[in-house]
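Reader: Got a minute to walk me through this one? I'd like to poke at the helices, the core and the charged pairs.

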Amino acid sequence: MAGRSDLVYLELRDAISCIEQKVNLIGIVIEVGIPKKSRGTDLHFYADYFCTLKMMDISYQSPGLSVIFFAENKEKLPHIKSVGDIIRLHSVVMKIHDGDVYATFKKKLSSFALFYGKFSEDISPYQDSSGLQIIDTDKLLIKNLRTWLVGNQFDTGTNELLLPLKDIKVGKSFDLICKIICAREFPEDRWLLFVWDGTDAPPISLPMKLDDGDNQLPLLLEPLPLPRNALCTFPCLGTILRVIIDKELGLQVQGGGQWVKLRNLSYEVRFGLWQGVLWPSSQLRLLSNEDKAVIHLERCYTERLSSGLERLPLSSFPWPSRITEIDHEQMPFSTLMDVLTHSEVTYRFKCVVRVVEIYPCRPEVFRSLTTHVYRIRLTLEDPTARIHAFVFGEDGVKFFGGYPPIDVVTSKTNQLLGITESVGGEEGGNNSRNPPWVQLCLKSYYLDKSDAWATRNYRIFGTTLVA
């Protein structure tokens with residue numbers, strides 16, 4: 001490398017034409033990949049870890065230039081603190097593959113330094129692989145980039161495969177821009193991401209046949225529920241999607257709060273709940289809070305919060321089914337996440353939910369055989385959560401309109417669960433059901449005053465099934 005006083009930086013628009021040449025670059029980090037273990041054995045490229053980032057400068061803002069880094073361990077890779085920070089690269093080699101130009105960071109030849117972005121005046125790098133001194137050229141370019149950043153935004157670019165949670169479907173892979181709410185360890189040395197984009201995932205059709213045995217629907221995909229302090233950080237509107245990822249990815253984002261783009265993400269349904277699946281070809285990219293797509297999602301969420309019917313599931317419009325009547329129309333709507341995270345142990349709520357399961361599932365045993373008291377458990381869900389709620393005693397009398405014949409109870413329950421009936425009164429031949437959105441009144445209570453939160457339950461009251 002030439003002496004520092006003779007160092008020349010190329011603008012990115014010029015560098016992309018210097019294939020197989022060493023170049024020096026300085027620019028703004030616009031995307032950050034998560035470090036992964038290398039599976040390659042090519043001695044020219046072999047390293048234990050690699051990662052990819054994308055950078056831009058004033059001359060080449062879109063789509064930006066990808067830079068691939070290789071290193072013996074993760075500590076020697078760039079650790080970007082924020083998208084929008086500035087990176088200086090020395091002696092990277094420009095490459096081209098399938099028409100895409102990128103830069104390769106060679107372990108023994110190249111070096112990098114990272115600087116804070118527009119909200120800093122510090123010229124010292126917060127990570128430097130070589131310890132090379134900062135000269136006047138560096139200072140001037142860094143200052144110019146920070147000045148440019150103040151008045152400009154960068155974004156993820158257009159993508160025809162970008163799909164919000166409200167439009168997801170099983171099968172084809174899509175990209176998702178979302179916020180990581182939190183990440184937790186998962187069995188088999190994996191991690192579970194909880195991600196959100198402010199929209200409601202579509203309701204899922206469920207098996208027609210109900211089960212009183214071991215095949216009842218779980219409330220969660222994770223083995224154990226999150227602690228209350230973690231749950232209270234969840235937004236109360238919009239679906240929280242669970243995404244299973246490798247441990248290496250999970251460790252990088254375990255703090256939560258980052259906006260990311262999940263590339264090549266596919267979706268599957270487990271126990272009537274959506275789950276995201278990242279494949280070996282999938283990527284997770286950190287995004288800036290000033291990314292245009294992020295700003296758009298946050299604006300849409302703010303507009304939803306300010307609407308008069310913000311607590312209603314989007315798929316329940318224009319209004320929920322009329323098969324239930326409630327006594328407390330004046331109460332505001334709450335989501336099930338509102339219910340779960342409410343600051344008071346005991347409280348009353350009005351919710352719009354789907355009843356996805358009932359236990360026991362046979363109407364003839366809804367009441368005790370000895371006391372004839374109603375005692376059933378409903379599994380309720382909305383886009384934010386799934387909970388159990390009990391129908392007991394006089395609340396059951398209210399719910400079913402007294403003690404109607406079994407065939408009437410069966411018909412009402414089938415409508416509530418989305419079970420179709422043929423002309424002859426038998427259950428329909430469809431293999432799936434889609435429960436309607438209904439209004440219910442819920443109240444929370446505790447079983448043990450000395451441990452109120454741990455013994456908190458939910459019960460339906462002031463609601464009549466009029467189907």
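**Helix, core and charges**

Author: Sure, and keep in mind that this is a predicted model. Let's start with helix H8, residues 406–417: its 12 residues reach 16 Å from the first C-alpha to the last, close to the 16 Å expected at 1.5 Å a residue.

Reader: OK, and which residues of H8 are buried?

Author: Val 409, Lys 412, Thr 413, Asn 414, Leu 416 and Leu 417.

Reader: What do those buried residues pack against?

Author: Several elements. The buried residues of H8 pack against the strands E15 (324–326), E17, E20 (432–433), E21 and E23 (463–465), and also against helix H7 (394–400).

Reader: What follows H8?

Author: Gly 418 does, and its phi is positive, near 80 degrees.

Reader: Let's go to the strands. How does E17 pair with E21?

Author: In the antiparallel sense, over 8 bridges. To give you one position, Tyr 347 has Ser 444 in E21 as its bridge partner.

Reader: And what about E21 and E22?

Author: That pairing is antiparallel too, with 6 bridges between E21 and strand E22, residues 456–461. Leu 442 stands opposite Ile 460 in E22.

Reader: How many residues of E21 are buried?

Author: 7 of its 10 residues, so to speak of the strand as mostly covered is fair. E21 runs over residues 437–446.

Reader: Now the hydrophobics. How many residues are in the largest nonpolar core, and which have the most contacts inside it?

Author: That core has 55 residues. Those with the most contacts inside it are Phe 234, Leu 336, Leu 378, Leu 380, Phe 399 and Leu 442.

Reader: Which strand gives the largest share of this core?

Author: Strand E17, residues 347–359, with 5 residues.

Reader: Is there anything besides that core?

Author: A second, separate core has 52 residues, and Ala 15, Val 29, Ile 34 and Val 92 are among them.

Reader: Back to Phe 234: what does it touch?

Author: Leaving out residues up to four places away in sequence, Phe 234 touches Ile 181, Cys 182, Phe 194, Leu 226, Ile 240 and Met 337.

Reader: Cys 182 caught my eye. How many disulfides are there?

Author: The count comes to 0 disulfides, taking a pair of cysteine sulfur atoms within 2.5 Å as the rule. Cys 178 is in no disulfide, and its nearest cysteine sulfur, that of Cys 182, is 12 Å away. Cys 182 is in no disulfide either; for that residue the nearest cysteine sulfur belongs to Cys 232, 12 Å away.

Reader: Are Cys 178 and Cys 182 buried or exposed?

Author: Cys 178 counts as buried because its relative accessibility is 0%. Cys 182 counts as buried as well, at 6%.

Reader: Switching to electrostatics. How many salt bridges are in the whole structure?

Author: A search finds 16 salt bridges. In one of them the side chains of Arg 88 and Asp 138 meet, 3.2 Å from N to O.

Reader: Where do Arg 88 and Asp 138 lie?

Author: Arg 88 lies in strand E5 (residues 86–97) and Asp 138 in helix H2 (residues 136–150), so the pair ties together parts that are 50 residues apart in sequence. Arg 88 is buried, and so is Asp 138.

Reader: What does Asp 338 pair with?

Author: Asp 338 forms a salt bridge with Arg 311, the closest N and O atoms being 2.9 Å apart. Asp 338 sits in helix H6 (residues 336–341) and Arg 311 in the loop between helix H5 (292–306) and E15, so parts 27 residues apart in sequence are tied together. Asp 338 is buried, with a relative accessible area of 13%.

Reader: And Lys 166, what's its partner?

Author: Asp 167, with the closest N and O atoms 3.2 Å apart. Lys 166 is partly exposed, with a relative accessible area of 41%, and Asp 167 counts as partly exposed at 32%.

Reader: Which residues are linked in a network of salt bridges?

Author: Glu 72, Lys 76 and Lys 107.

Reader: Last one: where is Ser 120?

Author: In the loop between strand E7 (111–115) and strand E8 (127–128). Ser 120 is buried, with a relative accessible area of 17%, and the cut-off for that is under 20%. The C-alpha atoms of Ser 120 and Ser 82 are separated by 12 Å, with their positions 38 residues apart along the chain.

Conventions
Residues are numbered from 1 along each chain as its sequence is written. This is a predicted model: local features need pLDDT of at least 70, side-chain atom pairs count only at pLDDT 80 or more; totals for chains, interfaces and linings use all residues. Side-chain values use heavy atoms; hydrogens and water are left out. A nonpolar core is a set of buried Ala, Val, Leu, Ile, Met, Phe, Trp, Tyr and Cys residues joined through side-chain atoms within 4.5 Å. Buried means under 20% relative accessible area, exposed over 50%, partly exposed in between (1.4 Å probe, protein chains only). Helices (H or I, at least four residues) and strands (E, at least two) are DSSP runs, numbered from the N terminus. Contact means heavy atoms within 4.5 Å. Two strands pair if DSSP finds at least two bridges between them. The expected span of a helix is 1.5 Å times one less than its number of residues. A salt bridge is a side-chain nitrogen of Lys or Arg within 4 Å of a carboxyl oxygen of Asp or Glu.
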